[in-house]
Amino acid sequence: MNVEEGKQSAMRAWEMSLLAALLVLLLRSSAALQITVHKVDCVYENVDYDGDRVSGSFVVVDHEVFWSSDHPGIDFTVTAPAGSVVHSLKGTAGDKFEFIAPRRGQYKFCFHNRGSAPETITFYIHVGHIPSEHDLAKDEHLDPVHVKIAELREALESISAEQHYLKARDARHRHTVESTHRRLIGYTLLEYLALILASASQVFLIRWMFNKRIGYNKL
């Protein structure tokens with residue numbers, strides 16, 4: 001093995017180690033929140049750079065079980081540090097969102113529950129940053145390798161975000177099926193109980209009428 005092959009092998013090993021480290025970091029830092037919204041509940045997230053891409057998703061866990069057709073749904077708003085609304089959704093049971101942060105600072109993500117009952121929401125958010133050419137020119141410690149690493153990290157994060165959204169929807173559907181199954185069992189038991197009570201009442205009534213008729217015949 002010559003020197004060039006040794007360098008290539010070391011580079012491949014370094015890339016694999018970097019990829020593994022990114023995956024571990026991604027799995028550790030990509031936990032979703034679960035919040036209960038009574039009227040208004042907000043989550044705050046810092047954006048460190050102008051122009052960062054903010055993405056995420058949210059799902060109302062049990063809306064398919066308890067919401068009627070005229071339920072007003074959940075309103076979702078994102079407010080920038082200056083107070084302007086940069087993203088909003090009205091009357092929804094969950095969706096994905098993505099926007100470019102106009103400036104750095106603390107962003108406010110608020111859920112407005114217009115219904116009368118509290119709602120449980122699974123919420124996931126990610127702030128992504130990829131260094132630009134301006135960042136490379138301004139910081140001599142940055143190089144194109146860091147940009148490629150950031151792009152790889154964001155690509156993995158995009159996959160993870162989609163998995164979070166699908167997992168939350170799957171959990172909601174599973175909860176709906178389980179709740180429907182429990183209600184079906186309850187209705188079936190009530191039907192059997194009603195049938196038993198009706199049968200017992202008929203037997204009691206027939207015996208009472210029969211005994212009464214025998215009493216008349218004796219007279």
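## Overall architecture

Two residues are in contact when heavy atoms of each lie within 4.5 Å. In this predicted model, residues 24 or more positions apart account for 77% of the protein's contacts with a separation of 6 or more.

The protein contains 4 helices and 8 strands. Following the sequence from its beginning, these elements appear in the pattern α-β-β-β-α-β-β-β-β-β-α-α. Of the 219 residues in the protein, 31% are buried. The protein exposes about 15100 Å², and carbon and sulfur atoms supply 58% of that area.

## The sheet containing β3

One open sheet is built from 4 strands in the order β1-β8-β3-β6, with antiparallel pairing. Its edge strands are β1 (33–37) and β6, each of which pairs on one side only. From one strand to the next, the twist of this sheet averages 25°.

Strand β3 (residues 53–60) pairs with two neighbours in this order. With strand β6 (residues 94–100), β3 forms 7 bridges in the antiparallel sense. With strand β8 (residues 119–128), β3 pairs over 8 bridges, again in the antiparallel sense. Individual residues show how these pairings are arranged. On the β6 side, V59 stands opposite G94, and F58 stands opposite D95. On the β8 side, F58 stands opposite F123.

## A buried position in β3

Is S57 of strand β3 buried or exposed? S57 has a relative accessible area of 5%; because buried means under 20% relative accessible area, S57 counts as buried. The strand around S57 is mostly covered as well, for 7 of the 8 residues of β3 are buried.

Which residues does S57 touch, leaving aside those up to four places away in sequence? The contacts are D95, K96, F97, T122, F123, Y124 and Y165. Among them, D95, K96 and F97 fall within the residue range of β6, 94–100, while T122, F123 and Y124 fall within that of β8, 119–128. Y165 falls within the residue range of helix α4, 144–218. In a regular strand, side chains alternate between the two faces of the sheet.

## The sheet containing β7

Another open sheet of 4 strands has the order β2-β7-β4-β5, and its pairing is also antiparallel. The edge strands here are β2 (40–47) and β5 (85–92), each pairing on one side only. The twist in this sheet averages 10° from one strand to the next.

The pairing of β2 can be described in further detail. Strand β2 is joined to strand β7 (residues 105–113) by 8 bridges, and the two run antiparallel. Within this pairing, the bridge partner of D41 is F111 in β7.

## A nonpolar patch on the surface

The surface also carries a nonpolar patch of about 430 Å², made by Y187, L190, L193 and L197. One of these residues, L190, lies in helix α4, which spans residues 144–218.

Why does L190 count as exposed? The relative accessibility of L190 is 53%, and a residue is classed as exposed when its relative accessible area is over 50%; L190 therefore counts as exposed. The two positions examined in this report thus fall into opposite classes: S57 in strand β3 is buried, whereas L190 in helix α4 is exposed.

Key
Residues numbered from 1 in each chain as written. Predicted model: local features only at pLDDT ≥ 70, side-chain atom pairs only at ≥ 80, totals over all residues. Heavy atoms only, no water. Patch = residues over 30% accessible without salt bridge, like charges linked within 9 Å, V, L, I, M, F, W, Y side chains within 5 Å. Areas by Shrake-Rupley, 256 points an atom, 1.4 Å probe, with all protein chains shown as cover. Salt bridge = Lys/Arg side-chain N within 4 Å of Asp/Glu carboxyl O. Buried < 20%, exposed > 50% of the residue type's maximum accessible area, 1.4 Å probe, protein only. Pairing = 2+ DSSP bridges. Axes fitted to C-alpha atoms, helices over the stretch in contact; angles between N-to-C directions.
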